Amino acid sequence: MHFHDCFIKGCDASILIDSTAQKQSEKAAGPNQTVRDFDLIDQIKTALEAACPSRVSCADVIALATRDAVALSGGPTYPLPTGRLDGLTSNVNDVNLPGPTMPVSSAFAQFFRPKGFTLNEMVTLLGAHTVGVAHCAFFQDRASNFQGTGKPDPTMDPALAGTLRRTCSASNNPTAFLDQNTSFVVDTSFYRELTVKRGVMQIDQELATDPSTSAMVAGFARSESSFRQSFAAAMVKMGSLVGQGGEVRKSCRVFNPKSPVSGGARPPVATTPRRPPVVQPAPRPVVRPRTPVPSTRRPVVSPRPSTVKPRPPVSRPRSPVVSRAPPPKSGGKKNVPKTNVKNASKAKGNQRKKPGKGN
């Protein structure tokens with residue numbers, strides 16, 4: 001939906017306007033018959049009008065819903081500017097998008113380069129077909145009667161051709177997934193399918209065979225990170241395509257009522273292009289140095305150095321030590337303790353006395 005809206009007259013939600021009995025809107029154009037989820041946009045807009053009336057445009061709703069759908073499907077997320085206005089016209093004849101059989105060189109020269117996109121960005125944006133569908137009318141000839149030959153396109157895998165023939169055998173112009181491998185995931189499977197001839201639409205398959213784009217397809221098929229980075233940047237760039245003036249609709253399906261004050265015409269709007277403001281990253285908090293708190297302690301005062309020179313030490317002679325002579329020893333007699341002679345004689349007599357009878 002986002003691509004189908006922005007590549008007509010800018011991202012102005014003109015694809016959401018319903019046709020009337022007097023005039024057909026962009027929604028009725030052939031390339032837009034596979035665009036879905038208009039009711040989801042209505043639900044989002046109803047909730048926004050209840051919370052903040054006339055503040056968020058339907059064009060911003062499409063851009064933001066697409067961004068969130070990509071992220072929820074496994075794709076990258078990216079910062080997205082807002083401030084778009086809803087267009088004041090929607091005409092079925094204004095719809096002109098690259099056809100499914102258009103050569104790569106023509107699609108780039110007629111649609112992408114005039115809007116400021118590079119060839120790499122074209123290959124990237126067509127990678128959104130990783131989650132897209134297409135009616136059988138856009139590719140059925142490749143599966144059964146390519147260019148009137150009565151045979152399938154030789155650049156299509158025979159197994160895929162058989163699957164598409166069975167899918168398109170119904171009479172109600174059914175749809176088929178453009179990525180037959182991971183149909184609900186935003187990844188690089190779409191490019192890997194192209195490298196093995198499993199592209200559903202001719203313009204997709206030619207991305208892998210055209211000399212100017214084949215290397216880009218192979219690069220995205222190998223590197224998931226390269227695709228995610230390129231896809232996010234290309235989506236932001238596409239979302240910056242804006243129209244001339246506009247309004248903020250109350251309902252995304254109809255223009256705002258005409259103002260009775262201006263004689264039935266809608267209020268005048270700005271005629272200069274209004275680009276969304278650039279989203280700036282949040283500024284980092286400024287870390288300021290802390291102011292030093294004065295200390296309450298008393299400062300330590302170092303003692304002042306003394307100016308008095310120290311006096312040299314005075315050496316005094318020590319008094320001589322006089323050694324004393326030892327006392328003289330006594331004469332040759334030894335001091336024998338005195339013994340009681342009387343008691344000693346008595347004891348000696350008792351030892352000589354022999355024991356007798358009766359003792």
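Read from start to end, the chain runs α-α-α-α-α-β-α-α-β-α-α-α-α-α. Keep in mind that this is a predicted model. Grab the structure and let's work through some exercises.

**Exercise 1. Find out how many helices and strands the protein chain has, and how much of the chain is buried.**

Solution. Start with the pattern: it belongs to a chain with 12 helices and two strands. Next, look at burial. The chain has 359 residues, and buried ones make up 35% of them. Now turn to the outside: about 23600 Å² is exposed, with carbon and sulfur atoms supplying 56% of that area. Last, check the contacts with a separation of 6 or more: residues 24 or more positions apart account for 69% of them.

**Exercise 2. Work out which cysteines pair up, and what the handedness of each link is.**

Solution. You need one cut-off here: two cysteine sulfur atoms count as a disulfide when they lie within 2.5 Å.

- Step 1: Cysteine 6 and cysteine 11 pass the test, with an S to S distance of 2.0 Å. The torsion about their S-S bond is about 115°, so this disulfide is right-handed. Both cysteine 6 and cysteine 11 are buried.
- Step 2: Cysteine 58 and cysteine 252 have their sulfur atoms 2.1 Å apart, which makes a disulfide. With -100° about the S-S bond, their link is left-handed. This pair ties together distant parts of the chain: cysteine 58 sits in helix α3, cysteine 252 in the loop between α11 and α12, and they are 194 residues apart.
- Step 3: Cysteine 136 and cysteine 168 form a disulfide too, with 2.1 Å between the sulfur atoms. Its torsion of -90° makes the link left-handed. Here cysteine 136 lies in the loop between β1 and α6, and cysteine 168 in the loop between α7 and β2, 32 residues apart.
- Step 4: Tally up, and you get three disulfides. Number the bonded cysteines in sequence order and the pairing reads 1-2, 3-6, 4-5.

**Exercise 3. Is cysteine 168 buried or exposed? And how does cysteine 52 count?**

Solution. Buried means under 20% relative accessible area, exposed means over 50%, and partly exposed is in between. Cysteine 168 has a value of 6%, so it is buried. Its partner cysteine 136 is buried as well, at 1%. Cysteine 52 comes out at 27%, so it counts as partly exposed.

**Exercise 4. Explain why helix α5 is described as largely enclosed.**

Solution. First, count: seven of the eight residues of α5 (residues 119-126) are buried, so the rest of the structure largely encloses this helix. Next, name the buried ones: Leu119, Glu121, Met122, Val123, Thr124, Leu125 and Leu126. Finally, ask what covers them. The cover includes α4, α8, α9, α10 and α11.

**Exercise 5. Find which residues UniProt lists for "binding site", then look at two of them.**

Solution. The unreviewed UniProt entry lists Asp5, Gly10, Asp12, Ser14 and Glu26. They span 22 residues in sequence, yet no two of their C-alpha atoms are more than 12.9 Å apart, so they gather at one spot.

Now zoom in on glycine 10, in the loop between α1 and α2. At 6% relative accessibility, glycine 10 is buried. Leaving out residues up to four places away in sequence, glycine 10 touches Asp5, Leu241, Val242 and Gly243.

Aspartate 12 is in the loop between α1 and α2, and is buried at 6%. With residues up to four places away again left out, aspartate 12 touches Asp5, Ala59, Leu85, Asp86, Gly87 and Arg249.

Notes. Residues numbered from 1 in each chain as written. Predicted model: local features only at pLDDT ≥ 70, side-chain atom pairs only at ≥ 80, totals over all residues. Heavy atoms only, no water. Buried < 20%, exposed > 50% of the residue type's maximum accessible area, 1.4 Å probe, protein only. Helix = DSSP H or I, 4+ residues; strand = E, 2+ residues; numbered from the N terminus. Contact = heavy atoms within 4.5 Å. Areas by Shrake-Rupley, 256 points an atom, 1.4 Å probe, with all protein chains shown as cover. UniProt positions renumbered as here; feature names shortened; annotations may be inferred.
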